[in-house]
Amino acid sequence: MEEYKQQLPNSTIVLVLGILSIVSCFCYGIIGLILGIIALVISKKDVNLYKHSPEMYTGYENLKAGRICAIVGTSLSAIYFILIVIYFIFVGMMIMPWSDIMNQPY
């Protein structure tokens with residue numbers, strides 16, 4: 001009796017979203033964060049499905065690679081987003097006319 005193995009439903013989508021999260025992580029961090037988080041959320045269901053019955057499914061390698069890419073993309077995007085926020089805070093502090101604010105009478 002030959003068993004029929006089917007592809008995990010979202011393994012290719014997770015891989016594509018994971019790669020796109022790495023590629024787009026330098027778009028102010030927002031796009032990479034969104035894509036990486038979506039890939040991780042989608043992959044959770046497929047991981048549980050595969051762990052329940054691994055003999056029925058193929059494509060777990062794509063799912064693992066997509067999860068790793070999503071984790072890397074999410075991490076890089078978060079770091080880049082934090083750096084952008086810190087940069088704008090410091091630039092805002094430099095541009096602010098502090099001498100005028102400090103010398104105003106109350």
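# Burial, aromatic pairs and a surface patch

User: Which residues is Ser21 in contact with, once its neighbours within four places in sequence are left aside?

Analyst: Ser21 is in contact with Gly32, Leu35, Gly36, Cys69, Ala70, Gly73, Thr74 and Ser77, when neighbours within four places in sequence are not considered. Please keep in mind that this is a predicted model. Ser21 itself has its place in helix α1.

User: Why is Ser21 called buried?

Analyst: The relative accessible area of Ser21 is 0%, and a residue is called buried when this value is under 20%. Ser21 therefore counts as buried.

User: What makes Gly36 buried, and which residues does Gly36 touch, not counting those up to four places away in sequence?

Analyst: Gly36, which is found in helix α2, has a relative accessible area of 0%, and because the limit for a buried residue is under 20%, Gly36 is called buried. Beyond residues up to four places away in sequence, Gly36 touches Ser21, Ala70 and Thr74. In addition, the C-alpha atoms of Gly36 and Val72 are separated by 8.3 Å, although these two residues are 36 residues apart along the chain.

User: How do you know whether Tyr28 is buried or exposed?

Analyst: Tyr28 has a relative accessible area of 54%, and exposed means a value over 50%, so Tyr28 counts as exposed. Tyr28 lies in the loop between α1 and α2, where α1 covers residues 11-23. The phi angle of Tyr28 is near 60°, which is a positive value in a residue other than glycine.

User: Which residues does Tyr28 touch, not counting those up to four places away in sequence?

Analyst: With those residues not counted, Tyr28 touches Tyr80, Phe81 and Ile84. Between Tyr28 and Val85 the distance from C-alpha to C-alpha is 9.4 Å, while in sequence the two are 57 residues apart.

User: How many aromatic pairs does the count come to?

Analyst: The count comes to three aromatic pairs. One of them is formed by Tyr50 and Tyr60, whose rings are 4.1 Å apart, centre to centre, with 10° between the planes.

User: Why is the pair of Tyr50 and Tyr60 called stacked?

Analyst: Two rings pair if their centres lie within 6.5 Å, and planes under 30 degrees apart count as stacked. The pair of Tyr50 and Tyr60 has 4.1 Å between centres and 10° between planes, so the pair meets both limits and is called stacked. Since Tyr50 lies in helix α2 (residues 30-52) and Tyr60 in helix α3 (residues 60-95), the pair ties together parts that are ten residues apart in sequence. Tyr60 has a relative accessible area of 18%, which is under 20%, and Tyr60 is therefore buried.

User: What makes the pair of Tyr87 and Phe88 edge-to-face?

Analyst: For Tyr87 and Phe88 the centres are 5.6 Å apart and the planes form an angle of 65°. Planes over 60 degrees apart count as edge-to-face, so this is the name that the pair of Tyr87 and Phe88 receives. Phe88 has 51% relative accessibility, and because exposed means over 50%, Phe88 counts as exposed.

User: Which residues form the nonpolar patch on the surface?

Analyst: The nonpolar patch is formed by Tyr28, Ile30, Ile31, Ile34, Ile38, Phe81, Ile82, Val85, Ile86, Ile89, Phe90 and Met93, which together have about 1100 Å² of accessible area. The elements giving two or more residues to this patch are α2 and α3, and α3 gives the most, with seven residues.

User: What is the radius of gyration of the protein, set against a compact globule of 106 residues?

Analyst: The protein has a radius of gyration of 22 Å, whereas a compact globule of 106 residues would have one near 13 Å. Taken along the principal axes, the C-alpha atoms fill a box of roughly 90 × 25 × 15 Å. Buried residues make up 29% of the 106 residues. The protein contains four helices and two strands, which follow the pattern β-α-α-β-α-α along the sequence.

Note on methods. Residues numbered from 1 in each chain as written. Predicted model: local features only at pLDDT ≥ 70, side-chain atom pairs only at ≥ 80, totals over all residues. Heavy atoms only, no water. Phe/Tyr/Trp six-rings, centres within 6.5 Å; stacked < 30°, edge-to-face > 60°. Buried < 20%, exposed > 50% of the residue type's maximum accessible area, 1.4 Å probe, protein only. Patch = residues over 30% accessible without salt bridge, like charges linked within 9 Å, V, L, I, M, F, W, Y side chains within 5 Å. Areas by Shrake-Rupley, 256 points an atom, 1.4 Å probe, with all protein chains shown as cover. Salt bridge = Lys/Arg side-chain N within 4 Å of Asp/Glu carboxyl O. Rg over C-alpha atoms; globule rule 2.2 N^0.38 Å. Contact = heavy atoms within 4.5 Å.
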